[in-house]
Amino acid sequence: QVQVVESGGGLVQAGGSLRLSCAASGSMFRFNAMGWYRQAPGKQRELVAEIRRSGSTNYAEAVKGRFTISSDNAKNTVYLQMNGLKPQDTAVYYCHAEGAVAGTWPHNYWGQGTQVTVSS
């Protein structure tokens, strides 16, 4: 059983910073890619940033230059450093992990979400 647990959301003023953390735990689990998605009220879930085990990264245009994703492969953990936050960054942020438990096919796993609210 693989669990994905996020932490670090909260309320911050515009221009401030937050750091989100996400850990994927499970016996013999190894991730291929982990990332962050977000969903604002009335909108579809969208990719924010993703990092592959190799270290390659992908960012949404709206967050480039402000957000930085990093990972600790040994701990199956990913971080999202968010600087220069804007009110339009307000959303529920979901962690996503794509990987496999040894001897099985890869699957997609999601966290429960953490609220990020940016006040103007």
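These questions and answers show how some labels in this predicted model follow from computed values.

User: What makes the pairing of glutamate 46 and arginine 38 a salt bridge?

Analyst: Distance and atom type. Their side chains meet at 2.8 Å, N to O. The cut-off is within 4 Å, from a side-chain nitrogen of Lys or Arg to a carboxyl oxygen of Asp or Glu. The pair therefore qualifies.

User: Why is arginine 38 called buried?

Analyst: Its relative accessible area is 7%. Buried means under 20%, so arginine 38 earns the label.

User: And why is glutamate 46 called partly exposed?

Analyst: Glutamate 46 has a relative accessible area of 39%. Partly exposed is the range between buried, under 20%, and exposed, over 50%. The value of 39% falls there, so the term fits.

User: How do you know that glutamate 61 and lysine 64 form a salt bridge?

Analyst: The N to O distance between their side chains is 2.7 Å. That is within 4 Å, so the pair counts.

User: What labels do glutamate 61 and lysine 64 get for accessibility?

Analyst: Glutamate 61 has 63% relative accessibility. Exposed means over 50%, so glutamate 61 is exposed. Lysine 64 has 45%. That value is neither under 20% nor over 50%, so lysine 64 is partly exposed.

User: What makes arginine 66 and aspartate 89 a salt bridge, and where do the two residues lie?

Analyst: Their side chains meet at 2.8 Å, N to O. This is within 4 Å, so the name applies. The pair links distant parts of the chain, 23 residues apart. Arginine 66 is in the loop between β6 (57-59) and β7 (67-72). Aspartate 89 is in the loop between β8 (77-82) and β9 (91-101). Both residues are buried. Salt bridges that share partners join Arg38, Glu46, Arg66 and Asp89 into one network. The structure holds 4 salt bridges.

User: Why does serine 21 count as buried?

Analyst: Serine 21 has a relative accessible area of 18%. That is under 20%, so the label is buried. Serine 21 lies in strand β3 (residues 18-25). Leaving aside neighbours within four places in sequence, its contacts include Val5, Trp36 and Tyr79.

User: Is methionine 28 buried or exposed, and how do you know?

Analyst: Exposed. Its relative accessible area is 60%, and the cut-off is over 50%. Methionine 28 sits in the loop between β3 and β4 (29-39). Its phi is near 65°, a positive value in a residue other than glycine.

User: Is asparagine 76 buried or exposed?

Analyst: Buried. Asparagine 76 has a relative accessible area of 8%, and buried means under 20%. Its place is in the loop between β7 and β8. Its phi is near 50°, also a positive value.

Methods: Residues are numbered from 1 along each chain as its sequence is written. This is a predicted model: local features need pLDDT of at least 70, side-chain atom pairs count only at pLDDT 80 or more; totals for chains, interfaces and linings use all residues. Side-chain values use heavy atoms; hydrogens and water are left out. Buried means under 20% relative accessible area, exposed over 50%, partly exposed in between (1.4 Å probe, protein chains only). Helices (H or I, at least four residues) and strands (E, at least two) are DSSP runs, numbered from the N terminus. Contact means heavy atoms within 4.5 Å.
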